[in-house]
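Trainee: I have a new model open and would like to learn how to read its pockets, its cores and a single residue. Could you walk me through them?

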Amino acid sequence: MNNESPTAAPANAAGATSVSEVRVERRTDGNFADTPTPRLSWTVRSTAGGWWQAGAEVRLDGGQAGERVARLDTDESRFVAWPFDPLLPHARHTLEVRVTGADGATSPWSDPVTVRAVFLAGGEWAAPFVGLADTAHAGEPATPGLLRTELDLDDDIARATLYASAHGVYQVEINGQDVDDAVLKPGWTAYQHRLVHEATDVTALLRSGANAVGVRLAGGWWTERYGFHGAARPFYGEQPAVAVQLHVELADGTTRVLTTGPGWRGAATGVVVASGIYAGERIDARRTAPGWSRPGFDDSSWPAVRVDAGADGSAAVPEPAIAEPVRRVDEIAVRDVITTPSGRTVLDFGQNLVGRLRVRVTGERGQVVTLRHAEVLEHGELGVRPLRAAEATDHLVLSGGHDVFEPEFTFHGFRYAEVDGWLGELDLAAARAAITAVVISSDMRRTGWFDSSDDRVNRLHENVVWGMRGNFVSLPTDCPQRDERLGWTGDIQVFGPTASYLFDSDAFLASWLRDVAAEQAARDGVCPIVVPMVLPFGDKPAAAWGDAATVVPTTLLERFADRRALAEQYPSMRAWADALLDVAGDRLLWEGMFQFGDWLDPDAPPDDPAGAKADPDIVASAYLVRALQLVTAAARELGDEAGADTYGDLAERARQAWVREYTTPSGRIVSDAQTAYALAIVFGLVDDATRAAMGDRLAWLVRRAGYRIGTGFVGTPIIQDALTDTGHADVAARLLLQTGVPSWLYAVTMGATTIWERWDSMLPDGDINPGEMTSFNHYAFGAVADWLHRTVAGLAPESPGYRKLRIAPVPIVGLDRASTRYETGYGPAEAGWAARDGQIVVRAVVPPNTTAVVVLPGGVSGGVGDQIQVGSGEHEWTVPDPRAQAEQRPVTLGSTLGEIADDAEAYEVVLSAVDALSADGSSSLRSLKDWTDQRVLRDELVRLPAVAVERLQAALDELNAGRQPAPVR
């Protein structure tokens, strides 16, 4: 390889080609057709470099009567239109694909996959919702219980499908066995507008003769109380209900349909005595009903069920679930057993997670074991204040024999669990044998990884992964532990790109967007602050929150090429933009309304998280422009040229209004804050010359802050892009690798295993932030991971769905290497770099049936202009290392604070020395906001005693001595 100019590794020789991962629609856990014309996708594996698809064949029911083959003249292999007649309800088919490359060679047929139609015909849903007629505790809401019925089948079963949904959470048993491994079914949607049903193959659970169908039912999100500051109230209902529709096709060709109805019976019995999402669960192992879901059980003492509603229009008719359900996705063992200062026993699982505990225990009958959950310890005790009104406590009542407990209809966000009432000693060996943390999440496929030479950055990325996993439980929540756990639109608006890389979240987010559209339709186009909307406030437009209506559909197009989601949401996108135009008026400025603004700016007081440096009107009016830009782009993508012209004109007029109102001719913004400049740069609000000036000002502001972050929810996801895109990757690097508070790595140094809600959710002295709102699992600030993937490692979509990749790594000072891997819809892609002997080695893997544009570090190119075009295969280039190495100059008491801030090693030496010399912290420089060249270190030490200054001088002398070159001998 030539070390002076880029050289590419030779393309792979011709090789074998095969087709795998044939899928219909979006879900990754099976081929479920939720529409009569599902889209098809497949992945090509080929050892031939530069492989490109010239055509494909799709075979339906191969080898069977009625086999059909469709020949497709297309090079696309992602979301290909259904090539056959529309599917019928309840249909099942096998599907195979083979492809022909541009070289004329044809692959073998893929392995056949079974495609199941999971939708019902119009008017076919007939099951009413039923619940317990009598509750165990009069006047108390959400009584859990069991419901059942029996069914005689007089012939062999050919095929059987269970369709079920609930106002609450449930599981179905048939003949004593759970129908699947999903939990918290059917999940949380905007229940009054939209319900989803499962469509589970239960053929193997039924038999000719007598059968029993049973349902375990609890309130879940349906009966939860929502609200804050003591004003929580029920929103949907006070008692849960379930609707079940069982379709059985018999061997003789007839069909039997069993539905819930007045013939069912139910009782407030079973082991679950009480259950709540926030409260936790009380499980009494003495309350058994052996055989209750098997034929022949005596239910004569059980009352007939309460019938709520059904196909009479008094309840939303369920639609097929388009996203993966919640499942148990992992298990974690106890890492440590802690005895707190007050003498309590606390289990540490070493990872902040979302789920519940599985407990194996033998003890006296009636003995109660209590489990209380929390994310952190505060001075050695369980830190429960951030839970607010959420009890997050499970009570386990022992049967007297060997019991296995696992709460079913609740979940907790926790790393630590306090155990009370345990019989005998609970040391580490006993705890590991008896208690396991069960992790739950919507069961999305992991698709994105990142690695670097810095373990702290790797831990940060892993914290982002865990934060997403814990907050993607049926819908994208803000946090999983306190009395909230709501679908805050602002959080997912900023985190959507990161989420779309780490996991295949297309189905998950497309499902949630249907709720967004439904809630908007009920509010004249306004996207509320949470979806589902269950709060008594938040119906007015809020910038960056309601913008989820335009940003998330755009993300699904960009990352997954999901044009169907974009088309479905286009009316919702327009409705949001129109709602903003109504409040902006003729000035096209969004001003004077309540805004969250740059929420949780690190300088905002603990009791005023909206008190940011960036003016909320500047933020809101920038988002008005952004909404109009995104609607314009969606209109063009979907062929609505009139819409594109209308909204494009409005976007340009609003942009000009923003510039006139909030900027100066020299490129300053009236809110001289990091977030304001990041918005202007990333949202394209200013011309190129002004953009460059604003990039310089942003870099100066970051340097003045001592390379510490100064942004909240709005600025944090985009500040690194704003810096990098304006030529300040060195500043972005310092910002990433900062460990002082506030910074991304501060939480890592404090032992965090998820992303915190506040930059200082825990203070350096171990106190939990005094604000009323503090969470240790909030993914919004973890949106920086998208920059790690796209920019530091250098893998981004150049066209929708990564059909064309952009390989453009930006090596940063402080890292020796960085790499990322992403499972695109076309196969695995990789990008990364490593520094070796003054060179940067860039490596990329481009999947078959895609191409890539490559921009090498330092602007070195072997292609046209600054870009190289490559096809599929493995590629490698070597270029000179473009990173400027800062000169290490002597540091003295006369050095300026700006000079010290620029010298990362000196910066840490000075801060650490002053911390050590100032016992009460009153003279600490860590909170200093002005690290400029106009301030001198000596002048900042006036409150330190003379002996302390002498010791600081000694620390500087030691630093300088270590930098002197070794003498020549």
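Mentor: Happy to! Keep in mind that this is a predicted model. Rolling a probe the size of a water molecule over the atoms shows where empty space is left. Here, the second largest pocket has a volume of about 1000 Å³.

Trainee: Which residues are the closest to the centre of the second largest pocket?

Mentor: Asp730, Ala733, Arg734, Val813 and Ala884, out of 34 lining residues. Two elements, α13 (729-737) and α17 (904-917), each give two or more residues to that lining, and α13 gives the most, with six.

Trainee: How do the residues of that lining divide by class?

Mentor: There are 16 nonpolar, nine polar and nine charged residues in the lining of the second largest pocket.

Trainee: And what volume does the largest pocket have?

Mentor: About 1300 Å³. The largest pocket is lined by 46 residues, and Glu558, Arg559, Arg626, Asp786 and Arg790 are the closest to its centre. Elements giving two or more residues to this lining include α4 (489-502), α8 (616-637) and α15 (784-793). By class, the lining of the largest pocket has 25 nonpolar, ten polar and eleven charged residues.

Trainee: Let's turn to the cores. What should I look for?

Mentor: In soluble globular proteins, nonpolar side chains tend to be buried together. In this model, the largest nonpolar core holds 203 residues, with Leu486 and Leu937 touching the most other members. Helix α8 supplies the largest share of this core, twelve residues. There is also a second, separate core of 29 residues, among them Ala164, Val179, Leu217 and Val242.

Trainee: Which residues does Leu937 touch, beyond those up to four places away in sequence?

Mentor: Leu937 touches Thr892, Leu893, Ser895, Leu897, Ile900, Val910, Leu925, Leu952 and Leu956.

Trainee: Now for a single residue: is Thr820 buried or exposed?

Mentor: Thr820 counts as buried because its relative accessibility is 4%, and buried means under 20%. You will find Thr820 in strand β40 (residues 817-824).

Trainee: What does the side chain of Thr820 make a polar contact with?

Mentor: The side chain of Thr820 makes a polar contact with the side chain of Tyr501, at 2.6 Å. The Thr820 side chain also reaches the backbone oxygen of Trp449 at 2.6 Å. Setting aside neighbours within four places in sequence, the residues in contact with Thr820 include Phe450, His789, Ala793, Leu795 and Glu830.

Key:
Residues numbered from 1 in each chain as written. Predicted model: local features only at pLDDT ≥ 70, side-chain atom pairs only at ≥ 80, totals over all residues. Heavy atoms only, no water. Helix = DSSP H or I, 4+ residues; strand = E, 2+ residues; numbered from the N terminus. Buried < 20%, exposed > 50% of the residue type's maximum accessible area, 1.4 Å probe, protein only. Polar contact = N/O pair within 3.5 Å; in protein donor to acceptor, adjacent residues only side chain to side chain. Contact = heavy atoms within 4.5 Å. 1 Å grid on protein atoms, 1.4 Å probe; cavity = no way out; pocket = protein on both sides within 12 Å on 5 of 7 lines; lining within 4 Å. Points joined across faces, edges and corners; volume = space filled by probe spheres on them. Nonpolar A, V, L, I, M, F, W, Y, C, P; charged D, E, K, R; others polar. Core = buried A, V, L, I, M, F, W, Y, C linked by side-chain atoms within 4.5 Å.
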